[in-house]
Amino acid sequence: MKINKQEFDIEKLTENVYDDKSMLKMRGNGIYLSDNDVQVLKRYGIDYIKYNSIKSLIFDIEQILNEETDLQDLEELSDRLSELNYYNNTNK
């Protein structure tokens, strides 16, 4: 992109301002996850693609949390997904 006859690389200028890894993206079946969320799920062997809803994904995450302790990142993800599900899928 040129501004006042000077060339600028927008990607380079915004690489530290905009962290694309935390942006929610539609992953299928009405499930929105960020790249960071996908990495957490992969770490615990959870394949988000096989789920037909966010509720079933949350349910299985909670099952793992009930069996294991000290899974802070997975617990935080479960909380975020539960909140997202509440605000997007609850009639108010």
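Modeller: A patch here joins residues with over 30% relative accessible area and no salt bridge (like charges within 9 Å; nonpolar side chains, meaning Val, Leu, Ile, Met, Phe, Trp or Tyr, within 5 Å). A salt bridge would put a Lys or Arg side-chain nitrogen within 4 Å of an Asp or Glu carboxyl oxygen. The model is predicted, so local features need pLDDT of at least 70 and side-chain atom pairs 80 or more, while totals for chains, interfaces and linings use all residues. Residues are numbered from 1 along each chain, and side-chain values use heavy atoms, without hydrogens or water.

Biologist: How much accessible area does the patch of Leu24, Met26 and Tyr32 have together?

Modeller: Those three form a nonpolar patch on the surface. By Shrake-Rupley with a 1.4 Å probe, counting only the protein chains shown as cover, their joint area is about 280 Å².

Biologist: Is Tyr32 buried, exposed or partly exposed?

Modeller: Tyr32 sits in strand 4, residues 32–33 (strands are DSSP E runs of at least two, helices H or I runs of at least four, numbered from the N terminus). Buried means under 20% and exposed over 50%. At 35%, Tyr32 is therefore partly exposed.

Biologist: How are helix 3 and helix 4 oriented to each other?

Modeller: Helix 3 (residues 54–67) packs on helix 4 (residues 72–89) with axes 10 Å apart, at about 150°. Angles run 0 to 180 degrees between N-to-C directions, along lines fitted to C-alpha atoms over the contact stretch. Over 145 degrees counts as antiparallel, so these helices are roughly antiparallel.

Biologist: How far apart are the C-alpha atoms of Glu62 and Asp73?

Modeller: Glu62 belongs to helix 3 and is partly exposed, at 31%. Asp73 is eleven residues away along the chain, and the C-alpha separation is 13 Å.

How values were computed: Buried means under 20% relative accessible area, exposed over 50%, partly exposed in between (1.4 Å probe, protein chains only). Angles under 35 degrees count as roughly parallel, over 145 as roughly antiparallel, 65 to 115 as roughly perpendicular and the rest as oblique.
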